[in-house]
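Work through the exercises below with the model open beside you. Each task is followed by a stepwise solution.

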Amino acid sequence: MKGRGARGYVTTNVTTVLIVDDEPGICHMLAEAMASLGLRPQTALSGGDALTILAREPVGVVVTDLNMPGLHGLELLAAVRRGHPRCRVILMTGVQDSGWLARALELGAHDYFIKPLDVFQVAQAAIAAGQNAPGPLPLRAARALVDRTQVRQVALESTRALARAVEAKDPYTRRHSEQVAHYAVHLARHLGLPAGEVELVRVAALLHDIGKIGVPDSVLIKPGPLTVEEFALIRQHPAQGAEILRHISVFADEALLVRGHHEAWSGEGYPDGLVGESIPLGARIINVADSVDAMLMQRTYKVPYSVEFVRGELTRSAGEQFDPKIVQAALEWFEAFPEKIIQPPALCPTA
Ligand SMILES: [Fe+2]
Ligand SMILES: [Fe+2]
């Protein structure tokens, strides 16, 4: 059946499929398979070229690679969904990653395939997409997300064991990471962060001092003041912690927060001397939570300070060590939820 499309082009019910891949060989193989199944293939070697073709002629389905120089496949997907909402998009990638899969789902992808491809399977999916069949992506993406959550949980349990081993060296820091996570989560919620960000802050707070595993015990639990050299060793722990987490793929985002948890708003912190909002927000939250817990608890070198003292210290250091917005949130939270402030064990016999 033939007719005139809105732009004056001759249209038929044969679906035009635009194949986008920076590897010409893949474009060619897919185009041949699609043509043999009665589709009308077009090819583009980049996302930019694909958008030019889409602006020029009607396309029913886009089949695109993800990792391409220039426009990434997910950016192309977003542009197609914005500018050509009736066009379906199928993704192809060499790397399976539930992060991009979740993003693809959010952006409205129809289906995805992992390379190496069965080109006829992809062509069949393009036929189904062209006939407006519902896409299988939501179910598959949901499964991948569940898998990722389980992997994160297992990874967190093992990594927490390492963090606990560090804390167990010093009786005064035994519950430090959990307590920092407690304050950090409440502050993140009080600041209105979305649930996903709160979870990121929680996990990073649980693991924030994991890099101390590389600091000798003699320095870690030294009762007296530290020498310059010993302090330099302690200062390595944010970068070392991030390095440990960088090798656990599900904690890549947490690694950034762990690296930044001793940065200071004024730029006087370490390891990178970042200033203000260039420090990740989660790291700024953990910095405040970490200091609150350290001040409220006893240490080998200090007695527990009162909540009033902590409020005063936070106020005094707002704009220097701490982000003033987070200090404000902490002061409001202390006021609203005094019962959630953790007291040192010596003052709280039931703890
Ligand atoms: Fe730390
Ligand atoms: Fe800490």
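Metal donors here are N, O and S atoms within 2.8 Å of the metal (3.2 Å for Na, K and Ca); water is not among the atoms, so sites may look incomplete. The model is predicted: local features need pLDDT of at least 70, side-chain atom pairs count only at pLDDT 80 or more, and totals for chains, interfaces and linings use all residues. Residues are numbered from 1 along each chain as its sequence is written, chains are lettered from A and ligands numbered from 1 in the order in which they are written, and side-chain values use heavy atoms, with hydrogens and water left out.

**Exercise 1. Find the protein donors of the iron ion (ligand 2) and describe their spacing along the chain.**

Step 1. List the donors. They are His-176 (NE2), His-208 (NE2), Asp-209 (OD) and Asp-290 (OD), at 2.2 to 2.4 Å from the ion.

Step 2. Read the spacing. Along the chain it is H-x31-H-D-x80-D.

Step 3. Place two of the donors. His-176 lies in helix α7 (residues 176-190) and Asp-290 in helix α13 (residues 281-296), so this pair ties together parts 114 residues apart in sequence. Helices (H or I, at least four residues) and strands (E, at least two) are DSSP runs, numbered from the N terminus.

Step 4. Check burial. Buried means under 20% relative accessible area, exposed over 50%, partly exposed in between (1.4 Å probe, protein chains only). His-176 is buried, at 6%. Asp-290 is buried too, at 8%.

**Exercise 2. Which residues coordinate the iron ion (ligand 1), and which residue bridges to the iron ion (ligand 2)?**

Step 1. Asp-209 (OD), His-237 (NE2), His-261 (NE2) and His-262 (NE2) coordinate ligand 1, at 2.2 to 2.3 Å.

Step 2. Their sequence spacing is D-x27-H-x23-H-H.

Step 3. The two iron ions are 3.7 Å apart, and Asp-209 coordinates both. Asp-209 sits in the loop between α8 (195-206) and α9 (217-220), while His-237 is in helix α11 (residues 237-246), so the pair links parts 28 residues apart in sequence. Both Asp-209 and His-237 are buried.

**Exercise 3. Why is the arrangement around each iron ion irregular?**

Step 1. Apply the rule. Four donors are tetrahedral if all angles lie between 85 and 135 degrees; four count as square planar and six as octahedral if opposite donors are over 155 degrees apart and all others between 65 and 115; anything else is irregular.

Step 2. Around ligand 1, the four donor atoms subtend angles of 86 to 177 degrees, which makes the arrangement irregular.

Step 3. Around ligand 2, the angles run from 76 to 174 degrees, and this arrangement is irregular as well.

**Exercise 4. Trace how β5 is paired, and say whether its residues are buried or exposed.**

Step 1. Use the pairing rule: two strands pair if DSSP finds at least two bridges between them.

Step 2. Four bridges join β3 to β5, in parallel. Val-20 stands opposite Thr-64 in β5.

Step 3. Five bridges join β5 to strand β6 (residues 88-93), also parallel. Thr-64 has Leu-91 as its bridge partner in β6.

Step 4. Five of the five residues of β5 (residues 61-65) are buried, so the strand is largely enclosed by the rest of the structure. Val-61, Val-63 and Asp-65 point one way, Val-62 and Thr-64 the other.
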